[in-house]
Amino acid sequence: MRKSRLIVVLSALALAVSSFGLAHPATAAPETSGTTSAPDTMRGGRIDPHPSTAELTRELQRLQWRSRGAVDVSEIGRSNQNRPVWSARVGNGPLRIMYVTQQHGNEPLGTPAALKFLETTGVGQSAWQRWLRSRVTVDIIVRANPDGSELNWRYNYDPEADPEYGEAGKGYDINRYHSPILAPEDNPATEAGLIQRHYAEFEPDIMVDYHMQGRYADADGEEITASVMWPTRPDVRADMVRLAKQVSVVAQRAMDLAGANVSQYPGGNYEGIARNAYGLRGSGSVLIEFSAMGPEHDRQQIASAWVSMIGIAQSGASGSLQRVDPTWAERIPPRGEPIRTQAASALASHGD
Ligand SMILES: [Zn+2]
């Protein structure tokens, strides 16, 4: 596609983000309160970066009611500790997009971003909202790992586990159990099986998995705020890698215009990782990792995740995403050196 047109679309998004009263991360420190144009969940800084699953459930039910059913919430199953795993679907258009948040329990910020996305796209009858909902169907697994979230750890909860990927006595690393050759009914990681089943039922064209990483700087010493990556296995079909690179470019441009500093994510080739597994299964599959920059940056990072969700949905709906030159993805800079802080180190030692 023409670069200028993508810029126009994404500039509108940047404008929308600036209405949240957000500043560039390099200059932002204490967050200012939101403006009157911000959605309810962001107004006055009231967004909760880490709601309990009970609060999340209430908020999803509220969104379903406030949207008069445009946001369709359903339980896709239960975690090992019997907490609900929710899907929230908005729109009924032909392009199917799936977002997954918080497979790793201690990587929470994709979840409040998803709530904000559902509100922005589902609550209201503006021409833009009706247009978007007629072009795309977006299905979000909002907090895939509610037990890990409650325990504030990476894994699911399974004290019996002695896993190949995970930690004995704690649980499985859900994001290593998506292999296409692993049947959901044989999946030892309960919540990964739920995602596999839901994926098979929904058959998304695009799949984006939201995580958090440690803190890193780029080659100029500027902090990396987010990283993206497409499937890296050589056996993923070329057209799916192409689509994933287009999604990556759109996400990067949208987030950059909203003040982020985005790098590539140096992820591995293992087929059990969602990014690779759902690429193998025939989706444009992308990983987005937000840096754990500390509570004073939560609002900025949530807004960044939100703008990536909107940017992908909007450009997919308009067809501009499908015209992006995928080779631009290669120009996204590599992730640089780690910035050592205690909170960031806890996330730094794992892959996606
Ligand atoms: Zn993760």
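# A quick tour of a zinc-bound chain

E289 is found in strand β12, which covers residues 284-291. That strand is a handy place to start in this predicted model, since UniProt, in an unreviewed entry, puts the feature "active site" at E289. From there we can look at the zinc ion, another residue of the strand, the nonpolar cores and a loop glycine.

**The chain at a glance**
- The chain is built with 10 helices and 12 strands.
- It has 352 residues, and 59% of them count as buried.
- Take the contacts in the chain with a separation of 6 or more: 76% of them come from residues 24 or more positions apart.

**Around E289**
- Is E289 buried or exposed? Its relative accessibility is 2%, and buried means under 20%, so E289 counts as buried.
- Leaving out residues up to four places away in sequence, E289 touches H211, M212, Q213, T225, A226, S227, Y265 and D352.
- With one of these, Q213, there's a polar link: the E289 side chain reaches the backbone nitrogen of Q213 at 3.4 Å.
- Another name on that contact list, H211, turns up again as a donor to the zinc ion.

**The zinc ion**
- Which atoms hold the zinc ion? They are ND1 of H104, OE of E107 (listed twice) and ND1 of H211, at 2.0 to 2.7 Å.
- The angles among the four donor atoms run from 53 to 150°, and the site is irregular.
- Along the sequence, the donor residues follow the spacing H-x2-E-x103-H.
- H104 sits in the loop between β3 (95-101) and α3 (110-122), while H211 belongs to strand β7 (residues 206-213), so this pair ties together parts of the chain that are 107 residues apart in sequence.
- H104 and H211 are both buried.

**S291, also in strand β12**
- S291 lies in strand β12, the strand that holds E289.
- S291 has 0% relative accessibility, so it counts as buried.
- Skipping residues up to four places away in sequence, the contacts of S291 are M212, Q213, G214, I224, T225, A226 and Q301.
- M212 deserves a second look: S291 and M212 are 79 residues apart in sequence, yet their C-alpha atoms are 5.5 Å apart in space.
- The side chain of S291 also reaches the backbone oxygen of I224, at 2.9 Å.
- M212, Q213, T225 and A226 appear in the contact lists of both E289 and S291.

**The nonpolar cores**
- How many residues are in the largest nonpolar core? There are 66, and Y99, F117, M255 and I312 touch the most other members.
- Helix α7 (residues 238-257) supplies the largest share of this core, with 10 residues.
- Not counting residues up to four places away in sequence, M255 touches A226, V228, A260, V262, I288, F290, S304, V307 and S308.
- Apart from this core lies another one of 19 residues, including Y172, I174, I195 and Y278.

**Out at a loop: G221**
- Where is G221? You'll find G221 in the loop between β8 (216-217) and β9 (223-224).
- G221 has a relative accessible area of 52%, and exposed means over 50%, so this residue is exposed.
- G221 and I339 are 118 residues apart in sequence, and the distance between their C-alpha atoms is 9.8 Å.

Technical notes: Residues numbered from 1 in each chain as written. Predicted model: local features only at pLDDT ≥ 70, side-chain atom pairs only at ≥ 80, totals over all residues. Heavy atoms only, no water. Donors = N, O, S within 2.8 Å, 3.2 Å for Na, K, Ca; no water. Tetrahedral: all angles 85-135°; square planar, octahedral: opposite > 155°, others 65-115°. Helix = DSSP H or I, 4+ residues; strand = E, 2+ residues; numbered from the N terminus. Buried < 20%, exposed > 50% of the residue type's maximum accessible area, 1.4 Å probe, protein only. UniProt positions renumbered as here; feature names shortened; annotations may be inferred. Contact = heavy atoms within 4.5 Å. Polar contact = N/O pair within 3.5 Å; in protein donor to acceptor, adjacent residues only side chain to side chain. Core = buried A, V, L, I, M, F, W, Y, C linked by side-chain atoms within 4.5 Å.
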